[in-house]
Amino acid sequence: MTAKKVYAVARGRAVGIFTSWSECEKQVRGFAGARFQSFTDVNAALAWLSGAKGTASAPAPASTPAQKKAASVDYTIFTDGSCLRNPGGPGGWAIVAKNMATGKVLERSAGNPSTTNNRMELTAAIEALRYAPEGTRVALYTDSQYLKNGITKWVAGWKRRGWKKADGQPVLNQELWMELDQLYAAHTVEFHWVKGHAGNPLNERCDTLAKQCAMQYR
């Protein structure tokens, strides 16, 4: 029986791993400089996506500076958060982390009886960076623009204003942002946004784990 293919997109409208050509094609068709590859093994696809050598099913093109940087990643971690009745309902968070040196994959998740989706997304990222030792290089994948933009674009301004937004209102979830900011500073982190519920198996796995934890409090 022919093995089911997965598709890794390193450069496209969204990056990550997709389980169908139709989803992969949406990310790369018409996208200048698109880079993608098909695989019959998810781990091989993940290794290629993180810049590991010798795992692609076809010869890889010459490495760009960005790809060489990716090759030095110590951990690749997918994160997700869920809230069944947002806000205030039961929620959960999850991470799927791969140690790129050993190939070991770890799953970690937990729930909360009353929370919000954004708090669970933040908690997942915090747990991801708690897992990775200080000083390591992490590629962190999330489907939350709130999380990615918050830590990479907004947090510096919030800190300058004493943890207030541009309109003078206090930043929501401040204690989580403060902890994440400290962990972010203790690692070398590249945040990647992936489209949720788009066939990326590791994103889908995180979503499943987070929802399972939330369901325990229904």
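**Notes on the predicted model**

1. Confidence first. Within the chain, helix 3 (residues 65–70) scores lowest, with a mean of 46, while helix 4 comes out highest, at 98. This is a predicted model, and the chain as a whole averages a pLDDT of 87, with 89% of the residues scoring at least 70. The weak patch is residues 52–70, where pLDDT stays under 50 and the model has 21 contacts beyond four places in sequence. I'd keep the usual caution in mind there: where pLDDT is low, the predicted coordinates should not be read in detail.

2. Now the sheet. Five strands make up an open sheet in the order 6-5-4-7-8, and the pairing is mixed. Strand 6 (105–112) and strand 8 (188–193) sit at the edges, each with pairing on one side only. From one strand to the next, the twist averages 20°.

3. Where does the mixed pairing come from? Strand 4 runs antiparallel to strand 5, joined by 9 bridges, whereas with strand 7 it pairs in the parallel sense, over 4 bridges. Strand 5 (residues 91–99) also pairs with strand 6, antiparallel and over 8 bridges. If you want to check the register by eye, Tyr-75 stands opposite Asn-99 in strand 5, Thr-76 has Ala-139 in strand 7 as its bridge partner, and Ala-94 is matched with Ser-109 in strand 6.

4. Strand 4 deserves its own point. How many of its residues are buried? The count is 9 of 9. In a regular strand the side chains alternate between the two faces of the sheet. Here both faces are covered: one side has Tyr-75, Ile-77, Thr-79, Gly-81 and Cys-83, the other has Thr-76, Phe-78, Asp-80 and Ser-82, and all are buried.

5. Two helices to look at against the sheet. Helix 4 (residues 117–131) lies across strand 4 (75–83), strand 5, strand 6, strand 7 (137–142) and strand 8, at about 155° to strand 4. Helix 7 (residues 201–215) lies across strand 4, strand 5 and strand 6, and runs at about 145° to strand 5.

6. Helix 6 (residues 174–185) looks regular in length: its 12 residues reach 16 Å from first C-alpha to last, close to the 16 Å expected at 1.5 Å a residue. Its buried residues are Leu-176, Trp-177, Leu-180, Asp-181 and Leu-183. Why do these five belong to one side of helix 6? Because they cover an arc of only 165° around the axis. The general background fits: an α-helix has 3.6 residues a turn, so residues three or four places apart point the same way. That buried set packs against helix 4 and helix 5 (145–160). Turned away from it, the opposite face carries the exposed residues Gln-182 and Ala-185.

7. Last, a loop residue. Val-15 sits between strand 1 (6–11) and strand 2 (16–18), in the loop. Is Val-15 buried or exposed? Its relative accessible area is 16%, so it counts as buried, the cut-off being under 20%. Leaving out residues up to four places away in sequence, Val-15 touches Val-9, Ala-10, Tyr-141, His-192, Trp-193 and Val-194. Val-15 and Arg-35 are 20 residues apart in sequence, and their C-alpha atoms are 9.4 Å apart in space.

Note on methods. Residues numbered from 1 in each chain as written. Predicted model: local features only at pLDDT ≥ 70, side-chain atom pairs only at ≥ 80, totals over all residues. Heavy atoms only, no water. Pairing = 2+ DSSP bridges. Helix = DSSP H or I, 4+ residues; strand = E, 2+ residues; numbered from the N terminus. Axes fitted to C-alpha atoms, helices over the stretch in contact; angles between N-to-C directions. Contact = heavy atoms within 4.5 Å. Expected span 1.5 Å × (residues − 1). Buried < 20%, exposed > 50% of the residue type's maximum accessible area, 1.4 Å probe, protein only. Arc of directions from axis to C-beta. pLDDT = per-residue confidence, 0-100.
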